[in-house]
Amino acid sequence: MYKTISVTQNLELLGKYRYVEIQMMELMGSWAYTIVEPEVKIGFGRQMYQDAVHADMLGKRLPELKGRSEHFHYIAPSDEFVKLLEKIWQANDSLRRMVALYRVLKPALVAAYEYHLEHAELPADEPTAYILRNILAEENDHSEWGETIINTLAISPDLSRLAAQWQQELENDLWAAGGIRGESKTAGAISFKKTHPYSKRPTRDSRWKIIENDAEFTEKNWSFDNDDGKRHLLHDLLNSEFITVERMGRIIADFPEIPWQMKIDMAHQAWDEARHAEIVQRRLEELGGHVGMFRTSCFGWEQDVNRPDPLERLALSNMTFESESCKHLRDWIAKAKKAGDTRSVQLLEFLLADEVNHVLYGTHWVDELTKNDPERRKRVLAYPEKVLNEHHPVGVKFEETTYERA
Ligand SMILES: [Fe+2]
Ligand SMILES: [Fe+2]
């Protein structure tokens with residue numbers, strides 16, 4: 001189709017790549033809380049951020065090519081492509097979701113990037129080539145990771161056959177849609193919203209013992225100064241880390257219209273929490289604990305993800321729960337230091353550094369997006385108190401200790 005790619009052709013293609021990167025991020029965000037496999041949730045947390053960075057890099061090249069208009073930043077390849085995305089989004093099992101993302105969408109994107117690189121006007125368009133080479137390498141890593149997960153899911157000949165059939169069906173659809181470039185197709189007539197039903201709980205694998213009734217969960221006096229206390233606290237924290245990957249995913253999927261920088265912040269937080277889940281689980285196991293050793297509450301989930309205003313979600317969870325969590329982390333660090341538990345201190349200090357940013361994301365975006373809307377600000381800031389007054393208080397009681405940075 002192209003000899004070498006012109007400035008005008010670049011503008012359209014980069015806008016289409018950016019659209020696909022953002023859609024993949026929204027698919028992962030939409031699915032994360034209904035996924036059973038913890039390693040998939042963690043992988044999604046990481047890749048939501050990496051796909052956000054890809055979209056960001058593509059977006060930064062557009063104005064350099066005189067594509068300052070918003071229109072160039074987000075171009076659906078074709079109406080058929082949008083329909084294909086909706087079909088993929090509706091897949092409700094991990095195997096079909098993984099096949100769609102890692103055997104169909106990402107490889108198609110990689111092929112489009114490779115084609116683009118082969119046809120780039122060099123050195124005139126070296127800046128585009130530089131960006132695409134970087135994204136391409138990471139997308140290949142994602143597909144490789146996806147393939148290892150698919151192999152753990154397609155564990156019978158029947159499931160392998162189902163995966164292959166689904167892949168074939170989607171590849172046919174993608175071909176008919178004109179591929180990532182939407183060749184000889186039109187777009188603009190069709191869009192779809194990734195809506196979610198009311199959610200009581202996020203999905204957990206069978207090891208977890210989730211308390212169904214919030215009222216059964218009462219405040220505890222666990223302390224980080226003994227191993228039993230550490231196991232209780234880390235076990236609870238592990239579930240909270242997963243919840244936060246999931247609720248960030250929900251903001252990304254539920255509110256495609258939020259400012260781009262806010263979306264990057266939410267994706268960054270999803271990645272942070274995915275790392276936290278890995279770190280916390282490892283430390284829990286080092287201390288002789290394991291997932292499912294205690295009962296766990298998902299308090300706050302239902303009050304967060306069902307809110308129609310993303311700022312109410314941030315006011316409740318980032319500004320209130322995560323701010324509270326910073327106090328706890330400081331207390332744990334002080335206790336671990338006193339007891340000479342240097343391993344915990346090292347890890348908790350990284351966690352605390354991230355959590356402080358999460359509180360800031362909350363305060364910044366509530367402040368920024370309500371600065372001309374005092375009514376909304378009032379409602380948003382009143383929401384956490386409303387939740388805490390109406391619901392049974394849960395958490396861990398502790399005496400706040402002073403914390404000194406090493
Ligand atoms: Fe965290
Ligand atoms: Fe956090």
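The exercises below, each with a worked solution, concern a predicted model of a single chain.

**Exercise 1. Overall build**

Determine how many helices and strands the chain has, and decide what its radius of gyration says when set against that of a compact globule.

Solution. Begin with the elements: the chain holds 12 helices and two strands, and read from the N terminus their order is α-α-α-α-α-α-β-α-α-β-α-α-α-α. Next take the extent of the chain, whose C-alpha atoms fill a box of roughly 70 × 55 × 40 Å along the principal axes. For 406 residues a compact globule would have a radius of gyration near 22 Å, and because the chain has 23 Å, the two agree. Finally, consider the packing: 43% of the 406 residues count as buried, and among contacts with a separation of 6 or more, 83% join residues that are 24 or more positions apart.

**Exercise 2. Two domains and their contact**

Work out which helices supply the side of domain 1 that touches domain 2, and what classes of residue that side has.

Solution. First fix the bounds, which the domain assignment gives as 7-176 for domain 1 and 209-390 for domain 2; the centres of domain 1 and domain 2, taken over C-alpha atoms, are separated by 29 Å. The contact then takes 16 residues from domain 1 and 18 residues from domain 2. On the side of domain 1, helix H1 (7-31) and helix H2 (38-64) each supply at least two residues, and the largest share, nine residues, comes from H2. Sorted by class, this side of domain 1 has nine nonpolar, three polar and four charged residues.

**Exercise 3. The largest nonpolar core**

Establish where the largest nonpolar core lies with respect to domain 1 and domain 2, and which residues Met48 contacts.

Solution. The largest nonpolar core has 95 residues, and those with the most contacts inside it are Met48, Ala267 and Ala270. Helix H1 gives the most to this core, with 12 residues. Since domain 1 (7-176) and domain 2 (209-390) both give residues to the core, it lies between them. Now turn to Met48: once its neighbours within four places in sequence are left aside, Met48 is in contact with Met25, Met28, Gly29, Gly249, Ile252, Ala267, Ala270 and Trp271.

**Exercise 4. Two helices compared with expectation**

For helices H6 and H7, check the end-to-end distance against the span expected at 1.5 Å a residue.

Solution. Helix H6 (residues 157-176) has 20 residues and reaches 29 Å from its first C-alpha to its last, which is close to the expected 28 Å; just after H6, Gly178 takes a positive phi of about 85°. Helix H7 (residues 227-254) has 28 residues that should span 40 Å, and because its end C-alpha atoms are 40 Å apart, the helix agrees with expectation. H7 is also mostly covered, with 25 of its 28 residues buried.

**Exercise 5. A loop residue**

Decide whether Ile35 is buried or exposed, and find which residues it touches.

Solution. Ile35 is found in the loop between H1 and H2. A residue counts as buried with 20 or more other C-beta atoms within 10 Å, and Ile35 has 23 such neighbours, so Ile35 is buried. Leaving out residues up to four places away in sequence, Ile35 touches Val40, Lys41, Ser94 and Thr203. The C-alpha atoms of Ile35 and Asp93 are separated by 7.9 Å, although these residues are 58 residues apart along the chain.

Terms used: Residues are numbered from 1 along each chain as its sequence is written. Chains are lettered from A and ligands numbered from 1 in the order in which they are written. This is a predicted model: local features need pLDDT of at least 70, side-chain atom pairs count only at pLDDT 80 or more; totals for chains, interfaces and linings use all residues. Helices (H or I, at least four residues) and strands (E, at least two) are DSSP runs, numbered from the N terminus. The expected span of a helix is 1.5 Å times one less than its number of residues. Domain bounds come from an automatic or database domain assignment. Two residues are in contact if their C-beta atoms, placed from the backbone, lie within 7 Å. Ala, Val, Leu, Ile, Met, Phe, Trp, Tyr, Cys and Pro count as nonpolar, Asp, Glu, Lys and Arg as charged, and the others, Gly among them, as polar. The radius of gyration is taken over C-alpha atoms; the globule rule is 2.2 Å times the number of residues to the power 0.38. A residue is buried if 20 or more other C-beta atoms lie within 10 Å of its own, exposed if 12 or fewer, and partly exposed in between; C-beta atoms are placed from the backbone. A nonpolar core is a set of buried Ala, Val, Leu, Ile, Met, Phe, Trp, Tyr and Cys residues joined through C-beta atoms within 7 Å.
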